[in-house]
Amino acid sequence: MTSALALLAGPALAEMNFNRIASFATPLNMAEGEDISRETSAEIIAATADGMTLVYTDGPLGALGRIDITDAYQPKPLGNIALDGEPTSVGILGETAFVGVNTSPDYDNPSGYLAAINIKSGDEIARCDLGGQPDSVAVAKDGSQIAVAIENERDEDEGDGRTGQMPAGFLTLLPVTDGAVQCDSLQQVALTDLAEVSPEDPEPEFVDINSLGETVVTMQENNHLAVVSKDGEVLAHFSAGAVDLKNIDTLDERGSLDFDKSQLGRKREPDAVKWLDDTHFATANEGDMDGGSRGWTIFSKDGTVVFESGESFEHALIQIGHYPDKRSDSKGVEPESIETATFGETPMVFVGSERGSAVGVYDATNPSAPVLKQLLPSGIGPEGYVAIPERNLLISANEVDLIEDGGVRAHVMIYEYQNAAPAYPQLTSEGAKDLIGWGALSGMVADDKGIVWAVNDSFYGYQPSIFKIDTTQTPAKIVDVIRVHRADGSAAQKLDLEGITLDGKGGFYVASEGRTERAIPHAIYHVQPDGLIKTNKGEITIPAELAAVEKRFGFEGITKVGDTLWMAVQREWKDDPKDHVKLVAYNLKTKEWGAVLYPKASPEKGWVGLSEIVAHGDHVYVIERDNQIGADAVTKKIYRIPASDMVPAPLGGDLPVVSKEEAYDVLPDLAAQGGYVVDKVEGLAIFEDGTAWVSTDNDGVDDSSGETLFWSIGKL
């Protein structure tokens, strides 16, 4: 079988694009013998002047992590440097890292220091007492000065979570002479009495310095910004203002994507800020206390809004399946980080979505009308970015470590600006008549003319859907959606759609994985072309023989062979031999049930189960996968079973065991994406000519990076 991943490069290589080339898991920086099960993170990241070494803050470990990217395709660990507190930010000058370290014993007594550390040796060269809790650190490009935002953050459990808690934060400026920070010449710049919101408690968040030595500082909770001269004079200050948002989702508890709400006068409350040039800077408007406008803004340093993204950035993430529905009532995709750099002759802005785990790449040649050029997948919870245009590199630091949940670890990801077509996204709803949100794709089935139909699973329990995908376009396009509903027009609930097949009459049969404790039945549903499930006639529940032995992990695919529907059961039920699962048959004419047994792999870690079943030609194909992610992934394979083996025996007795043959190993394709290997390979669709498409489930962007991989593996 010929992998079609290479086809993603497209017909011509005439345009430069960013593509992910490598990733680095932060536990790799732990020394031999250390407990790698401890939480670790990559938060704020910087690069040495030669672009060969990355340095990132690791708050949970209280350390500074280092990565050798001499070969950017093969990043190597250089180990951690232990600190006397929690690192909050880092900037680099030459071979010295300047790190803000928080040592506060409590909110009422904030403290911290700036450490100057030799990156190669790990030795501390100097330490400056900052007199408060540092957040962001910025180093002037000419190496003459360091700016530190002293936040002195509030206790969100006190005072109704409001600002106005003392002591007040401030801005600290430190001169640098011949690469050495001058602690004795530290200058504190008061930022009180500037903002309308809690003027006594500014809580500065993020800083950046332009080539004129001017520092721009955000006061996130105060919804305010200030520009400060090299000498500490406040040159300008102004409110960050508000935005009217339309066509957004503001309800997170519904398990559906409904972009029909508005938020008027939503405060921006910017977090990260970066100068675009000496006159303009860009902010990521994450929000905190009262706001969060789901987008980003370019300001002139006099406070004039030059560009406002509004809801367009969030809409772009919605179209590629990266919308975090569980954050709908809060701040949506939460743009938190921002980076600016010039690649070639093109000034660019990189906007990172903390909750959508993606970064938007904008051409900012015209600051009043930047153009979204790309959306790149990140790790989970991108916190910081650094661009290295001299090497055509962009780096993301992703802070979320899911070790406690058995999930993926925190990662640093590397992207290269290449003469190549974009490899991501591989699936989008861009261009559809209406804004179509999607995610958590599961089962698939191929139709005519390059169309694939796919279902979402119970993550969107209030919006079960069938998506129409046109695979003849690159990337593949979701061109329409059918909402599965009951006779009264309401969304069909108590479903966990995990498989879909054609009924031959324009409609579908879908398999729902049951969960008895949640009153979700193991069942098959006949869905009409318009999405209707007819009362009684449209529902086929499992028989008593299966109900007596059922467990949570049920139907994970469905296919039709003649008059018989075949469903793959994901894992062993109560009566199954070890490492064997049922392939269940239901005859639509005779109403008879039966089954065969499928022998699956025995995992060394976690579990292995089936995720899909598709009949094609003389074989029936299944996806067999483990539940492991990243470096622990072992089994992500497509097997085929001779159709002649698929002779169901009556339930309740001995079942025949089918034979299987490996048809395709998906693991190399997953590893070729440049990120970590995702666990949920769940969809398989095979066209009449044998061309097969595979997809992954992104878990609704919940404890997930949101990536959906959707690609052709060629002809079977």
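**View A. Lys582 and its salt bridge to Asp575 in the predicted model.** Lys582 is buried, with 2% relative accessible area. The side chain of Lys582 meets that of Asp575 in a salt bridge, N to O at 2.5 Å. Asp575 is partly exposed, at 44% relative accessibility. The pair therefore joins a buried lysine to a partly exposed aspartate, since 44% falls between the 20% and 50% limits.

**View B. The salt bridge between Glu661 and Arg640.** The closest N and O atoms of Glu661 and Arg640 are 3.1 Å apart. Glu661 belongs to strand 48 (residues 661–665) and Arg640 to strand 47 (residues 636–642). The two residues are 21 apart along the chain, and the bridge links these distant parts. Both ends are partly exposed: Glu661 has 41% relative accessibility, and Arg640 has 24%.

**View C. A salt-bridge network of four residues: Arg154, Glu203, Glu221 and Asp288.** Salt bridges with shared partners join these residues into one network. Side chains of opposite charge can pair when their charged atoms come close.

**View D. The salt bridge between Glu15 and Lys373.** The count for the model is 32 salt bridges. One of them pairs the side chains of Glu15 and Lys373, with N to O at 3.9 Å. Glu15 sits in the segment before strand 1 (16–25), and Lys373 sits in strand 28 (residues 371–377), so the bridge ties together parts that are 358 residues apart in sequence. Glu15 is partly exposed, with a relative accessible area of 45%. Lys373 is also partly exposed, with a relative accessible area of 45%.

**View E. The disulfide between Cys128 and Cys183.** The whole structure holds 1 disulfide. The sulfur atoms of Cys128 and Cys183 are 1.9 Å apart. The S-S torsion is about -65 degrees, so the disulfide is left-handed. Cys128 lies in strand 9 (residues 124–129), while Cys183 lies in the loop between strand 13 (180–181) and strand 14 (187–190), so the pair ties together parts 55 residues apart in sequence. Cys128 is buried, at 1% relative accessibility. Cys183 is partly exposed, at 25%. A disulfide is a covalent bond between the sulfur atoms of two cysteines.

**View F. Ser136 in strand 10 (residues 134–139).** Ser136 is buried, with a relative accessible area of 1%. A polar atom of the Ser136 side chain lies 3.2 Å from the backbone nitrogen of Val207. Val207 is also among the residues that Ser136 touches beyond four places in sequence. The others are Ser89, Ala147, Val148, Ala149, Glu205 and Phe206. Glu205 is 69 residues away from Ser136 along the chain, yet their C-alpha atoms are separated by 6.4 Å.

**View G. Ser357 in the loop between strand 26 (346–353) and strand 27 (358–363).** Ser357 is a loop residue, but it is buried, with a relative accessible area of 1%. A polar atom of its side chain lies 3.2 Å from the backbone nitrogen of Gly381. Leaving aside residues up to four places away in sequence, Ser357 touches Pro377, Ser378, Gly379, Ile380, Gly381 and Pro382, among others. The contacts of Ser357 also include His322, Ser704 and Ser705.

**View H. Strand 39 (residues 523–527) and its paired strands.** In strand 39, 5 of 5 residues are buried. Both faces are covered. Ala523, Tyr525 and Val527 are buried on one side, and Ile524 and His526 are buried on the other. Strand 38 (residues 508–512) runs antiparallel to strand 39, and 5 bridges join the two. In this pairing Ala511 stands opposite Ile524. Strand 40 (residues 539–541) also pairs with strand 39 in the antiparallel sense, over 3 bridges. Here Tyr525 stands opposite Glu539.

Notes
Residues are numbered from 1 along each chain as its sequence is written. This is a predicted model: local features need pLDDT of at least 70, side-chain atom pairs count only at pLDDT 80 or more; totals for chains, interfaces and linings use all residues. Side-chain values use heavy atoms; hydrogens and water are left out. Helices (H or I, at least four residues) and strands (E, at least two) are DSSP runs, numbered from the N terminus. Buried means under 20% relative accessible area, exposed over 50%, partly exposed in between (1.4 Å probe, protein chains only). A polar contact is a pair of N or O atoms within 3.5 Å; within protein, one must be able to donate a hydrogen and the other to accept it, and residues adjacent in sequence count only if both atoms are side-chain atoms. Contact means heavy atoms within 4.5 Å. A disulfide is a pair of cysteine sulfur atoms within 2.5 Å. Two strands pair if DSSP finds at least two bridges between them.
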